[in-house]
Amino acid sequence: MLLSRPVSTTLRGSAAALAFALAIAAAASLRISAWERAPAAVESELDIPAMPSEVARALAFGFRSLLADFTLLQAIQLLPLRHGDMAPEVFAGMDRRLTRLLEYSVEVDPKFAGAYRFAAASLPHETMDGKVYGVLNAVRILEQGLRERPDDWQMGFLLGFLQSYYLRDFPAAARSLAIAAKQPKAPSWVGLLSTRLAAQGGELQIATSLAEAMLTQANEESTRKEWEDRVNALHMERDLRAIEDAAQRYREARGVPARSVLALVLAGYLPEVPQEPHGGRYVLEGDGTARSTAAERLRAYGLSTEFEIH
């Protein structure tokens, strides 16, 4: 009789865990079956997962983190299927599923820092035509992350990066970085970036500093390569603007356009011929614009219009 209460409690806990595991397995099985039976093109999709997050939280007992991990793993498995050469109508559905899985993870477990970080890295993506998608979804999720996990400096830093690099909302980015900088484990450069954003209003150097900071934080090889490419693109943009500024001053002073980048150097309008970071060279066109022979010029996209990063 003395052992009846602990045994009963243990059995109830085991039954709850088993029931939860079976529910996850059933949901996965039903989803696979639905995908197999689905038509080739579907404009609208059922909620993913099918059970609303508030219901799942109530039924998960003490296993909310397990459910959040499960949906995050689904998102991680989905990401490699998306490629930059896909047409928008192809990856749009994939983006919706990826966003919903990540939203679900943080709805079930609002303190799940790993899901917030993955959203910042995976949702924004660039297509072959230079357009960027998924930024607003990532910002919305990171805003929740900053509310739920203000103690994690990476929440404010990642949100500030998205706001600055993609949206050019530099005041908002400065505020996000300022919150991050107040955390005990935040590196000192987070505060420096915050003050520079607030004071300078978002010059090209700010975007470069943020991208270089992201590069130092990258752990995976693929992510590191992506940030290396972005840093090189920003360095190239810096050089192109310097060349164009020198070309404008040359023309204003002499009344004729410069014939080459070397001519600007020989005339004293540039200290040296900049080294192109992609292995190519810089070319000065007759109208005073500069370009690289190895890479397209950097462009970013805001809410509705195209703009260069300044």
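Buried means under 20% relative accessible area and exposed means over 50%, with partly exposed in between. Glutamate 226, with a relative accessible area of 31%, is therefore partly exposed. The model on screen is a predicted one, and the tour begins at this residue.

**Stop 1: glutamate 226 and arginine 230**

Select glutamate 226 together with arginine 230. Their side chains meet in a salt bridge, at 2.8 Å from N to O. Both residues belong to helix H11 and lie 4 residues apart, about one turn of the helix. An α-helix has 3.6 residues a turn, so residues three or four places apart point the same way. Is arginine 230 buried or exposed? Its relative accessibility is 11%, so arginine 230 counts as buried, while glutamate 226 is partly exposed.

**Stop 2: lysine 225 and aspartate 229**

Stay on H11, which covers residues 221-254, and select lysine 225 and aspartate 229. These two form a salt bridge, and their closest N and O atoms are 2.9 Å apart. Because they are 4 residues apart in H11, about one helical turn separates them. Aspartate 229 has 36% relative accessibility and so counts as partly exposed. Lysine 225 is also partly exposed, at 42%.

**Stop 3: leucine 234**

Next, select leucine 234, again in helix H11. With a relative accessibility of 0%, leucine 234 counts as buried. Add glutamine 205 to the selection and draw a distance between the C-alpha atoms. The two residues are 29 apart in sequence, and their C-alpha atoms are 8.5 Å apart in space.

**Stop 4: arginine 238 and aspartate 239**

Select arginine 238 and aspartate 239. A salt bridge joins their side chains, with 3.2 Å between N and O. Aspartate 239 counts as buried, at 9% relative accessibility. Arginine 238 has a relative accessible area of 42% and is partly exposed. For a linked set, select Arg100, Glu103, Glu107 and Arg140, which salt bridges with shared partners join into one network. How many salt bridges does the structure hold? There are 16.

**Stop 5: helix H5**

Now select helix H5, residues 113-122. Of its 10 residues, 7 are buried, so H5 is largely enclosed by the rest of the structure. The buried residues are Ala113, Ala115, Tyr116, Phe118, Ala119, Ala120 and Ser122. What covers them? The cover includes helix H3 (64-78), helix H4 (88-108), H6 and H7, and these can be shown one at a time around H5.

**Stop 6: H5 against H6**

Keep H5 and add helix H6, residues 135-148. The axes of H5 and H6 come within 9 Å and cross at roughly 155 degrees. An angle over 145 degrees counts as roughly antiparallel, so H5 is roughly antiparallel to H6. The crossing is left-handed. On the H5 side, the contact is made by Tyr116, Ala119 and Ala120, and on the H6 side by Ala138, Ile141, Leu142, Gln144, Gly145 and Glu148. By class, the residues of this contact are 6 nonpolar, 2 polar and 1 charged. Tyr116, Ala119 and Ala120 are also among the buried residues of H5.

**Stop 7: H7 against H8**

Hide H5 and H6, then select helix H7 (residues 153-166) and helix H8 (residues 170-181). These helices pack at about 165 degrees, with their axes 7 Å apart. That angle makes H7 roughly antiparallel to H8. H7 and H8 cross with left-handed geometry. To see the contact, show side chains for Trp153, Gly156, Phe157, Leu159, Gly160, Gln163 and Ser164 in H7, which meet Phe170, Ala172, Ala173, Ser176, Leu177 and Ala180 in H8. This contact has 8 nonpolar and 5 polar residues, with no charged ones.

**Stop 8: arginine 168**

Finish in the loop between H7 and H8, where arginine 168 is found. Check its backbone torsions: what is the phi of arginine 168? It is positive, about 60 degrees, although arginine 168 is not a glycine. With 30% relative accessibility, arginine 168 counts as partly exposed.

Key
Residues numbered from 1 in each chain as written. Predicted model: local features only at pLDDT ≥ 70, side-chain atom pairs only at ≥ 80, totals over all residues. Heavy atoms only, no water. Axes fitted to C-alpha atoms, helices over the stretch in contact; angles between N-to-C directions. Helix = DSSP H or I, 4+ residues; strand = E, 2+ residues; numbered from the N terminus. Parallel < 35°, antiparallel > 145°, perpendicular 65-115°, else oblique. Left-handed = near helix turned anticlockwise from the far one by under 90°. Contact = heavy atoms within 4.5 Å. Nonpolar A, V, L, I, M, F, W, Y, C, P; charged D, E, K, R; others polar. Salt bridge = Lys/Arg side-chain N within 4 Å of Asp/Glu carboxyl O. Buried < 20%, exposed > 50% of the residue type's maximum accessible area, 1.4 Å probe, protein only.
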